Amino acid sequence: MSSAGRPGRSASALEPRARSPHRSAAAGARLRRRQRTERVFRAAGQLAIAIGLGFVIVLFGSIVYQGKDAFTQTHLRLDIHFDPSALGVGASATDAELAQADYPALVRNALAARFPDVSDRKDRRDLASLVSTGAPFELADMLASDRSLLGQTRSLWLTADDDVDMFVKGKIRRETPAAERRLNDRKIAWIDALTSDQRVERQFNAQLFESGDSREPELAGLWGAVMGSVYTLLTTLLLSFPLGVATAVYLEEFAPKSRWMDIVEVNINNLAAVPSIVFGLLGLAVFINFFDLPRSSPLVASLVLTLMTLPTVIIASRAALRSVPSSIRQAALGMGASKFQTVLHHVLPLSMPGMLTGTIVGMAHALGETAPLLMIGMVAFLVDIPGGLMEPATVLPVQIYLWADSPEKAFAERTSAAIIVLLVFLIAMNSMAVILRQRFERRW
Amino acid sequence: MQMMNMDPIAAPKSELAVEHEPPHERHSHRAPKLSASTPEQTLGEIHAADAAIVSRTVSVYYGTKRALYDVSLDIGRNEVIALIGPSGCGKSTYLRCLNRMNDTIEGCRVTGDIFIDDQNIRAPDLDVVQLRARVGMVFQKPNPFPKSIYDNVAYGPRIHGLVRTKSETDELVERSLTRAGLFDEVKDRLLAPGTGLSGGQQQRLCIARAIAVEPEVILMDEPCSALDPIATAKVEQLIDDLRANYTIAIVTHSMQQAARVSQRTAYFHLGRLVEVGPTREIFKNPVHQLTVDYITGRFG
């Protein structure tokens, strides 16, 4: 095709190419094959994302579905007569006497007034068990804050027992045979009667956010675990951020490059991969047994979690320091800034976004840690809200673990509700990391 | 503004008085062109009458690789000396020796002596921080700090304790920016970030930053190579204005620029100082064959 159309050309001259090799038929086939491969690759990527998203949606959806009911709690409206004689106190009783008075009697009397035909002792006990065992304490608190209630009658909403709550929410079904049901037919009849009186209502479950743990599901709350988590996390942040940043700055800027430093770097990277329960064992052996620190306290928990998150903070901080362009360092050094001034005034501020992101991600990781904290004793059943770093406490993930272990049906939905609270915290922390990072980057 | 003159031979005559050496030390300027191998001794006049910087047998090693071979050179006070040569010939390496920036490079070893005003800056107990305040540097790519223009210029004086009050700082910033020819353009936006300026303005900001610490010497490592011709012309004019107060050593790839701004020129080749002399003489009558080849553009 080339020389045929050009007679007279000498054989030694370069033969001009008539067609570029990129426009031949074979090239066309290669192009179509490549485009098909790219389409397949793109589709595979989209499929992977879809599967991942699908899992996330299923996970979140199932947790929300299971846990949403825990945010409401059945209450019963009873007419409580604060009768001094029923309480067993005089009209001018002291606060101490009032605190010791017989408040369950008030509840029993209110129920008896509504259902006067209940006479059998067992039946009377069943009737009283419709109301939570914490209800009398609610009455005591009310009277303690308002003495004028003594002698008066009020229509009050009291927390119902967890079995009643489960029945009202449909988790205990009346179709189940009576032998397998936790509520016998008489109790169901009473609940129906109260419902037709409009004395049964599902209200917002404030206990979940105000109280500590309890064996009674309707009284169980997350506040103790939340405070424990807050104390632990704050102390962990205060310990791990300065230590991690200082270590990273030293290793990256000041340490002489030598074989010893390579060993240190390898060890730090390996520590980031150590299972967290090992840190719990370390905390048990060193902090609790050797240093005699109080078991199950936020102090020991934060020490253990600091050790665990330190490698993460160090690695993220070193990467952030390395990303600062050397032209800034050269400019600062060339102006007569010392190495320390260069790092403090120029390198650190520029690497702060990366350091903060790494730290907050490390904190989010620490928030969800259970295994090491079980090792240091946070598995105990604690009712009180921790007041300080040295008092026994528990954290949210451990609380979830304990509730997941409990047999009562009502704890199943509360476990999912606690998981939702934990996830909200985690999402909030990660969002804060993103916002902080954007804010710092925009300023420069 | 100086007219851009492409003819290296028409460069302004040097005003530097060359010291009269004893006859046996003087190299012949009219000798025939020598062979193309690098000489053991530098041709031309390495000494200067009133030397601000004196270097003797300076060598630099990067690990085992040698980058500079026994460079001896004087840089006179208030003169502009241009260091020219092909890529990788060691001129930037030599420049960085003068403010000991080579110390920041791993594995870099410097031998020889460098005296700035009779003080040997290669002494191990020298305070490098103070040296770098006396010998400022402007880099090839403008690198203002990611701070405001005001803070860029004020940073050096603050850390060296040159200013105490805000009014002193204001005055120093204004003076430095005016000397760098930038004040009129930025006086309304001193708090704007320095990185928001154009390339030429950024480089002049870097120069303002360097002179704010009141150095004696300014080292410039190809300051105009990243700038357009108009910005280049402004910076070259600035160099000429600065000459009255500072000693300037400028590394440049452009022979035309060397001819425009400098009074003396030093030609480096493969780590050796081949020839040095008044700019006009170097470009009009280069002695060594390598210098001739470079000037006429046969390589480099």
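## Burial and make-up of chain B

A residue is buried if 20 or more other C-beta atoms lie within 10 Å of its own, exposed if 12 or fewer, and partly exposed in between. By this rule, 47% of the 300 residues of chain B count as buried. The model described here is predicted.

The secondary structure of chain B consists of 10 helices and 11 strands. Among the contacts in chain B with a separation of 6 or more, 73% join residues that stand 24 or more positions apart.

## A buried serine in chain B

Strand β2 of chain B, residues 51-62, contains Ser55(B). This serine has 24 other C-beta atoms within 10 Å and is therefore buried, since 20 or more are required. Leaving aside the neighbours within four places in sequence, Ser55(B) is in contact with Val71(B), Ser72(B), Leu73(B), Gly112(B) and Ile114(B).

A further pair in chain B is Ser55(B) and Gly90(B), which are 35 residues apart in sequence. In space, the C-alpha atoms of Ser55(B) and Gly90(B) are 15 Å apart.

## Two loop residues with positive phi

Most residues other than glycine have a negative phi. Asp117(B) has a positive value, near 50°. Asp117(B) is located in the loop between β5 (108-116) and β6 (119-120) of chain B. Because 13 C-beta neighbours lie inside 10 Å, Asp117(B) counts as partly exposed.

Glu214(B) likewise has a positive phi, near 55°, and is a residue other than glycine. The loop that holds Glu214(B) runs between α6 and β8 (217-221) of chain B. With 18 C-beta neighbours inside 10 Å, Glu214(B) also counts as partly exposed.

## The contact between the chains

Chain B contributes 21 residues to the contact, and chain A contributes 15 residues. On the side of chain B that touches chain A, the elements that give two or more residues are α2 (128-134), α3 (149-159) and α6 (199-212) of chain B. Of these, α2(B) gives the most, with four residues. Sorted by class, this side of chain B has 11 nonpolar, six polar and four charged residues.

## Helix α1 of chain A

Helix α1 of chain A covers residues 25-67, a run of 43 residues. At 1.5 Å a residue, this helix should span 63 Å, and its end C-alpha atoms are 63 Å apart, so the expected and modelled values agree. Only one of the 43 residues of α1(A) is buried, and the helix therefore lies largely in the open.

## Helix α13 between two partners

Helix α13 of chain A, residues 298-322, packs with helix α15 of chain A, residues 339-367, at an angle of about 150°. The axes of these two helices are 8 Å apart. Because angles over 145 degrees count as roughly antiparallel, α13(A) and α15(A) are roughly antiparallel to each other. The crossing of α13(A) past α15(A) is right-handed. Residues that α13(A) brings to this contact include Leu305(A), Met308(A), Thr312(A), Ala316(A) and Leu321(A), while those from α15(A) include Val347(A), Gly354(A), Met355(A), Gly358(A) and Ala366(A). The residues of the contact of α13(A) with α15(A) comprise 11 nonpolar, 10 polar and no charged.

Helix α12 of chain A, residues 276-290, also meets α13(A): the two axes come within 9 Å and cross at roughly 135°. The helices α12(A) and α13(A) are therefore oblique to each other, and α12(A) passes α13(A) in a right-handed crossing. From α12(A), the contact draws on residues including Phe279(A), Leu282(A), Phe287(A) and Ile288(A); from α13(A), on residues including Val300(A), Leu303(A), Leu307(A) and Met308(A). By class, the contact of α12(A) with α13(A) has nine nonpolar, three polar and no charged residues.

## Val347 in helix α15

Val347(A) lies in helix α15 of chain A and is one of the residues through which α15(A) meets α13(A). With 22 other C-beta atoms within 10 Å, Val347(A) is buried. Leaving aside the neighbours within four places in sequence, Val347(A) is in contact with Leu321(A), Val324(A), Arg329(A) and Thr342(A). Along the chain, Val347(A) and Pro325(A) are 22 residues apart, and their C-alpha atoms are separated by 8.9 Å.

Key
Residues numbered from 1 in each chain as written. Chains lettered and ligands numbered in written order. Predicted model: local features only at pLDDT ≥ 70, side-chain atom pairs only at ≥ 80, totals over all residues. Expected span 1.5 Å × (residues − 1). Axes fitted to C-alpha atoms, helices over the stretch in contact; angles between N-to-C directions. Parallel < 35°, antiparallel > 145°, perpendicular 65-115°, else oblique. Left-handed = near helix turned anticlockwise from the far one by under 90°. Contact = placed C-beta atoms within 7 Å. Nonpolar A, V, L, I, M, F, W, Y, C, P; charged D, E, K, R; others polar.
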